[in-house]
2 protein chains.
Amino acid sequence: MQFELTKELLSKTKEIIASGDEKLILELINDLHPADISEIIFELEIDEARVILHHLTAKGASEVISHLDDDVRLDILNSYTPLEIAEKFIEYLESDDAADILQDLDDKKKEEVISYLEDLEQAGQIVDLLSYDDGSAGSLMGKELVKVYDNITVTEAVRQLRKQAGELDNIYSIYVVDKMERLLGILSLKKLLVADQRSLLSSIIKTDILSVKVSAKDVDVASMMQKYDLVAVPVIDELGRLVGRITIDDVVDVIRDEAEKDYQLASGLSENVESSDSIWLITRARIPWLILGLIGGIFGARVIGVFEYDIQLYPEMAFFIPLVAAMGGNVGVQSSAIVVQGLANNSIGMDGILPKLLKEFSVALINALVCAAIVLVYNLIFSDSLALSYTVSLALMAVIIFAALFGTFIPLALQKYEIDPALATGPFITTVNDILGLFIYFSIGRLMYGFLS
Amino acid sequence: MQFELTKELLSKTKEIIASGDEKLILELINDLHPADISEIIFELEIDEARVILHHLTAKGASEVISHLDDDVRLDILNSYTPLEIAEKFIEYLESDDAADILQDLDDKKKEEVISYLEDLEQAGQIVDLLSYDDGSAGSLMGKELVKVYDNITVTEAVRQLRKQAGELDNIYSIYVVDKMERLLGILSLKKLLVADQRSLLSSIIKTDILSVKVSAKDVDVASMMQKYDLVAVPVIDELGRLVGRITIDDVVDVIRDEAEKDYQLASGLSENVESSDSIWLITRARIPWLILGLIGGIFGARVIGVFEYDIQLYPEMAFFIPLVAAMGGNVGVQSSAIVVQGLANNSIGMDGILPKLLKEFSVALINALVCAAIVLVYNLIFSDSLALSYTVSLALMAVIIFAALFGTFIPLALQKYEIDPALATGPFITTVNDILGLFIYFSIGRLMYGFLS
């Protein structure tokens, strides 16, 4: 809240950098949090960013770099040599942040940077972390933690904590392992502070603890930490040995990315893109769904083509094509969004597909009646054709109910076959509903005009 | 990860409850985490839930209740008397969780429950918390924290921590205040453990700390905690006095709700609804956007009505109405989603509206050329009318470019006037693009048929 990047501050920063006045630059950055400096650097040219980074301590610079947006960071890092990256940015970071940064570099540069790291333990930890699959608990965890054996006293544990805790930013718990490095339990710092100094750890640790396997999916870790309100969770390998820990701040990004991913799919974006990405990247994320929509539109054209003769006789039928198509799309998107979010939240209930479709049918029926009534009143007043009036309202009802059931069913079915239900939302649902809606509309129209004329 | 609620477990649970066998019920729930029991209760009838809650300790029952979905929780609580609620569920909770639960009850019941609380300090804290506006930092914070004065030693601080920490689940820091209760600094537990026992707190506390005002918006607190990687943040009043603390687990819900809210608006849902909500609630969330779409469709009908004569002459013009309308909608939704997410993430850059529109124009131009080319090839092969072929492709290009610019501009403009930019996504953008797209399409058609015939 305290810091806000204004246009004035940005242009003042650019001026100061251009002036090259060391004292002013230091004044500018000295009181700022690394995350704030990252926010400024996000708006700067690479040369300007380098000036700021040059005036920071290595610890400060590495924190600024680790807070930066991936794309901007990569551009900046590519302007440094591997040796500079190792000394200036990596050495002072915790292993998980270091691995995140290195991961984006190309393989050759990555290896060079690692070869320049002086702390061999850190280098080993980073290499370990880089070996885990993207999207696994291993890729999310950090190696820094305080680990003690179970056969020691509280006094000795505090002594070891002091020794091990030196460079760690945050410690929430101490992990207790046996001689084989297998995780036995957790001791919160609070407990360590309030416990009798002479107690044996084995008598006071919490052994009934939650942990995750190193191969677990990051989204599963995220939902577990949310469900059980965990601030940190230990990560174990297949043998139960403690290999790292995941903290809630790493998981917050996973939670947000996951929620955003559903939104992106619903909006017809096939990749995670930002407005600052390249034109090529943005186009690549957008064109697949557009082409799908295009193919749907062409199918729609063929459906209407079947009714060419009807349109020639009753051109007013064409007026309501967009209305029928749009309403099918809108209802389908609403229905599928409710299901997709329910699945993402685990709030959907286990009562099977049929009760859900029945409930959706009730909702759809109300919506359909309201919408059909409004259009009917409009058409009875403003349209000369009674056949058209009835056709539009009947078709609208049919389309709304169909679209609602379809929009509910498809994501549930996808989920059952372990396909991401969010794929069903947005353009896909809209397109299918468009085509079927048109068919329903014109079929009802042909019947109506047949009856009434 | 360990626990998964299967259909088998659910039906077994229902059987055990129906049998009334105390031993089996206790066996079932003894090894489960309160969050897991909540998951089971979510699927049970109220009477069944009451049996489970009856067999839990008061501490266990209150944790189960606090993990439950709001709607289900309210139904269950309404089956208990105020005295039972106070004794069984509220007394053992921290103030923020207690306030969350009470908030949903009606005012009379809320007051009665509070009047039955035996711990007057807790009752006072809850009343305080209930007085804050929903969506403020105050409504999010808890009152439980460890607070010490600055003129004491580390040894004394540890002694006070032991006294104050008794019932607190998690402690990450000690807050240090002056005689006027104004927040001076923070001491992490780690620092308390590693510091020299005789140091004065004033010499080792971190005074350069981040805090939030009690009236701050919850979403601002959330983005601040994310930005600075905070696990807990102190809350101060207008005079700088410490009044509470917000922990990251409370904020995770805000972050997720915020991301979901954008998705909901984009999907045409005006309220946060779940598939388990009542038919009436779901309908109320859906119908406003549907009626907006309906009005848009009626306008669309009027636009096409202007071109009735053209359609009678060239009915094939009607074939591509859905394609043009749908593509405008799809492109508009994509564009606005990228902007809305960028604004939510602060990743959008400060380079003003014009450069963003220019970039969007480039992306749209590529998309438009690709899509127009595909349709042109299709029409040249399958359609007899050259005029139609050119019309569809030209209109498609115009519509895609217009929709992209419009979809980018509207959320940026809304943001500027401090209206939620997510309002611009979904049905609104789709509807406006539909109408304008149709007008563009038929206007181009009239020109083309004029030229080519």
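# A walk through chains A and B

Start by selecting A:Ile236, then look across to strand S6 of chain A: the bridge partner of A:Ile236 there is A:Leu242. Keep in mind as you go that this is a predicted model.

**Stop 1: the sheet in chain A**

Now widen the selection to residues 232-236 of chain A, which make up strand S5. Five bridges tie S5(A) to S6(A), and the two strands run antiparallel. Add S4 and you have an open sheet of three strands in chain A, ordered S4-S5-S6, with mixed pairing. Which strands sit at the edges? They are S4 (212-213) and S6 (242-247) of chain A, each of which pairs on one side only.

Next, show residues 248-266 of chain A. That is helix H16, which packs on the sheet and touches both S5 and S6 of chain A. Its direction makes about 65° with that of S6(A).

**Stop 2: a pair of helices in chain A**

Leave H16(A) on screen and add helix H15, residues 218-227 of chain A. Two packed helices are described by the angle between their axes and the distance between the axes. Here the axes come within 9 Å and cross at roughly 110°. Angles of 65 to 115 degrees count as roughly perpendicular, so that is how H15(A) and H16(A) stand to each other. Their crossing is left-handed.

To see where they touch, turn on side chains. From H15(A), pick A:Asp218, A:Val219, A:Val221, A:Ala222, A:Met225 and A:Gln226. Facing them from H16(A) are A:Ile248, A:Val251, A:Val254, A:Ile255 and A:Glu258. Colour this contact by class and you get eight nonpolar residues, one polar and two charged.

**Stop 3: the sheet in chain B**

Hop over to chain B and select its strands S4, S5 and S6. These three form an open sheet in that order, again with mixed pairing. S4 (212-213) and S6 (242-247) of chain B each have a single partner strand, so one side of each has no neighbour in the sheet. This time, try the other end of the sheet: S4(B) is joined by two bridges to S5(B), residues 232-236, and these strands run parallel. Click B:Lys213 and look for its bridge partner in S5(B), which is B:Ile236. Helix H16 of chain B, residues 248-266, packs on this sheet and touches S5 and S6 of chain B.

**Stop 4: a second helix pair, in chain B**

Select residues 82-90 of chain B for helix H7 and residues 107-115 of chain B for helix H9. How do these two cross? Their axes come within 8 Å, at an angle of roughly 60°, and H7(B) and H9(B) are therefore oblique to each other. The crossing is right-handed. On the H7(B) side, highlight B:Pro82, B:Ile85, B:Ala86 and B:Ile90; they meet B:Lys109, B:Glu112 and B:Val113 in H9(B). That contact has five nonpolar residues, two charged ones and no polar ones.

**Stop 5: both chains together**

Finally, zoom out. A rotation of 180° with 0.0 Å of shift along its axis lays chain A on chain B, with an RMSD of 0.1 Å. That is the relation of a two-fold axis. Both copies use the same surface, since 100% of the contact residues of chain A recur in chain B.

Where the chains meet, 105 residues of chain A are in contact with 105 residues of chain B. Pick out helix H17, residues 279-306 of chain A: with 17 residues, H17 gives the most to the side of chain A that touches chain B. By class, that side has 62 nonpolar, 24 polar and 19 charged residues.

Definitions and conventions:
Residues numbered from 1 in each chain as written. Chains lettered and ligands numbered in written order. Predicted model: local features only at pLDDT ≥ 70, side-chain atom pairs only at ≥ 80, totals over all residues. Axes fitted to C-alpha atoms, helices over the stretch in contact; angles between N-to-C directions. Helix = DSSP H or I, 4+ residues; strand = E, 2+ residues; numbered from the N terminus. Parallel < 35°, antiparallel > 145°, perpendicular 65-115°, else oblique. Left-handed = near helix turned anticlockwise from the far one by under 90°. Contact = placed C-beta atoms within 7 Å. Nonpolar A, V, L, I, M, F, W, Y, C, P; charged D, E, K, R; others polar. Pairing = 2+ DSSP bridges. Least-squares fit on C-alpha atoms with pLDDT ≥ 70 in both.
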